[in-house]
Each structure stands twice: as C-alpha cells, then as structure tokens.
Amino acid sequence: MSVDTPRRIVLLRHAKADWPQVSDHDRPLADRGRMDAPVAGHKLADTGITFDLALCSTATRTRETWKLAVQELPRRPRTVYEERLYEATLGDLLALLNETPDEVNDLLVIGHNPSMHAAADALAGSGERDAMARMTKSGFPTASFAVVGFTGSWKSVEHGVGKLLDYWAPHD
C-alpha cells in the first residue's frame with residue numbers, strides 16, 4: 001500500500017439504549033434504538049462505502065446496533081468485537097486506529113460517546129462546511145455517524161490528519 005492510499009474511518013455511535021437494572025455494559029437498546037439502528041445502516045449503505053473491517057464495542061447496545069445496522073449494508077464486513085472500545089478515551093481510540101492493518105481502506109467503528117464525537121472532532125482537521133455545521137449543531141446523538149477521510153498509513157492517524165466528509169444524525 002502506498003503512503004498516498006485514501007482511507008475512510010466511519011465513527012458510528014450506538015443507537016438509543018434503555019436503562020434497566022443491569023450493568024452499564026449490559027444495557028440493551030431501547031425501542032427507539034431498535035428503530036434508529038436499521039435507519040443508520042441504510043444511511044451507511046447510501047454512502048457507498050464498502051467496509052473492509054468493522055470494530056464494535058463489546059457492550060450489548062453496540063452489538064445490538066451493529067446487528068440491526070449491518071443487515072442494511074450490501075456486504076457484511078469482517079467484524080471484530082473490541083473490549084477496548086467500551087469506555088475508550090480519545091487516546092485509546094487513536095491507539096486502536098493505529099493498529100489497523102494497512103490492507104484495510106475503509107473502517108467502521110461502532111462505539112460510544114464521548115469518544116466517537118471526540119474522535120470525529122480530533123481527526124477532522126478540515127471538513128465539508130455543511131457536515132461540520134451539522135455535527136456541531138447536533139452534538140453527535142445516538143445512532144449518528146461521521147465519515148472522516150485521510151491519506152496514508154493507519155499508523156499515521158493523529159489529530160487533524162483527516163477531513164470530515166459526511167455527517168448524519170437521526171431526527172435532525
């Protein structure tokens with residue numbers, strides 16, 4: 001792979017979760033989350049991105065979001081359930097991105113806030129004006145996603161390396 005290889009990172013926040021008497025890690029999706037996750041999957045399919053790899057938090061709400069969203073994609077990517085995405089800091093998330101194999105051009109990350117929003121903000125040194133405005137206005141609600149493009153190796157992913165190409169949120 002060339003250092004000029006174009007790549008995309010899509011950061012998807014899990015859909016709306018319920019608050020039953022279980023541990024935070026085991027919280028399932030709420031009814032609204034079960035409705036929003038397939039819509040998010042459909043919008044992901046509309047981007048035309050064919051994901052090479054999906055990294056999904058091990059939390060119940062992220063796994064349920066992915067299970068519903070992936071059914072809307074034209075092709076299911078290889079999926080890795082990654083414990084480190086649960087309660088990940090921005091630094092943790094950047095370290096995970098840096099570990100991505102260079103055979104991967106398009107990566108989907110299904111995780112949690114505040115790390116999904118923080119990563120989109122941190123990685124996007126620039127962006128499409130409309131996408132930046134929508135992301136700033138909405139604040140990265142559940143089931144939203146950001147598409148960040150960059151060029152180079154995954155080992156080079158750091159603050160400001162990318163461009164916000166697209167942003168979508170349900171109920172906007």
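Helices here are DSSP runs of H or I with at least four residues, numbered from the N terminus. With that in place, good morning, and allow me to begin with helix α4. The model before you is a predicted one.

Helix α4 spans residues 115-123, and S115 has its place there. How many of the residues of α4 are buried? The count is 7 of the 9, so the helix is largely enclosed by the rest of the structure. The buried residues are S115, M116, H117, A119, A120, A122 and L123. A general point about helices is useful at this stage. An α-helix has 3.6 residues a turn, so residues three or four places apart point the same way.

Let me stay with S115 for a moment. Its relative accessibility is 4%, and because buried means under 20%, S115 falls in that class. The side chain of S115 reaches the backbone oxygen of H112 at 2.9 Å. Setting aside residues up to four places away in sequence, S115 touches A88, T89 and L93.

I turn next to strand β4, residues 106-111, where D106 is found. Is D106 buried or exposed? With a relative accessibility of 8%, D106 counts as buried. Which residue does its side chain meet in a polar contact of 3.0 Å? The partner is the side chain of R8. Beyond four places in sequence, D106 touches R7, R8, I49, T50, F51, D52 and L53. R8 therefore appears twice for D106, in the polar contact and among the residues touched.

The third topic is the loop between β1 and α1. Strand β1 covers residues 6-13, and A17 lies in the loop that follows, between β1 and α1. A17 has a relative accessible area of 6% and is buried. Leaving out residues up to four places away in sequence, A17 touches R27, P28, L29, A30 and R61. A17 and S144 are 127 residues apart along the chain, and their C-alpha atoms are separated by 13 Å.

H25 also lies in the loop between β1 and α1. At 25% relative accessibility, H25 counts as partly exposed. What does the side chain of H25 reach at 3.5 Å? That atom is the backbone nitrogen of A59. With neighbours within four places in sequence left aside, H25 is in contact with T58, A59, T60, R61 and Y86. R61 is thus a contact of H25 and is also touched by A17. From H25 to F150, 125 residues apart in sequence, the C-alpha atoms are 32 Å apart in space.

Finally, I come to the pairing of two helices. Helix α1 comprises residues 31-46 and helix α2 residues 60-69; their axes come within 7 Å and cross at roughly 55°. The two helices are therefore oblique to each other. In handedness, α1 passes α2 in a right-handed crossing. Which residues make the contact? From α1 they are R34, A37, P38 and G41, and from α2 they are T65, L68 and A69. By class, this contact has 4 nonpolar, 2 polar and 1 charged residues.

To close, I would recall two points. Helix α4 is largely enclosed, with 7 of its 9 residues buried. In the loop between β1 and α1, A17 is buried, whereas H25 is partly exposed. Thank you for your attention.

Technical notes. Residues numbered from 1 in each chain as written. Predicted model: local features only at pLDDT ≥ 70, side-chain atom pairs only at ≥ 80, totals over all residues. Heavy atoms only, no water. Axes fitted to C-alpha atoms, helices over the stretch in contact; angles between N-to-C directions. Parallel < 35°, antiparallel > 145°, perpendicular 65-115°, else oblique. Left-handed = near helix turned anticlockwise from the far one by under 90°. Contact = heavy atoms within 4.5 Å. Nonpolar A, V, L, I, M, F, W, Y, C, P; charged D, E, K, R; others polar. Buried < 20%, exposed > 50% of the residue type's maximum accessible area, 1.4 Å probe, protein only. Polar contact = N/O pair within 3.5 Å; in protein donor to acceptor, adjacent residues only side chain to side chain.
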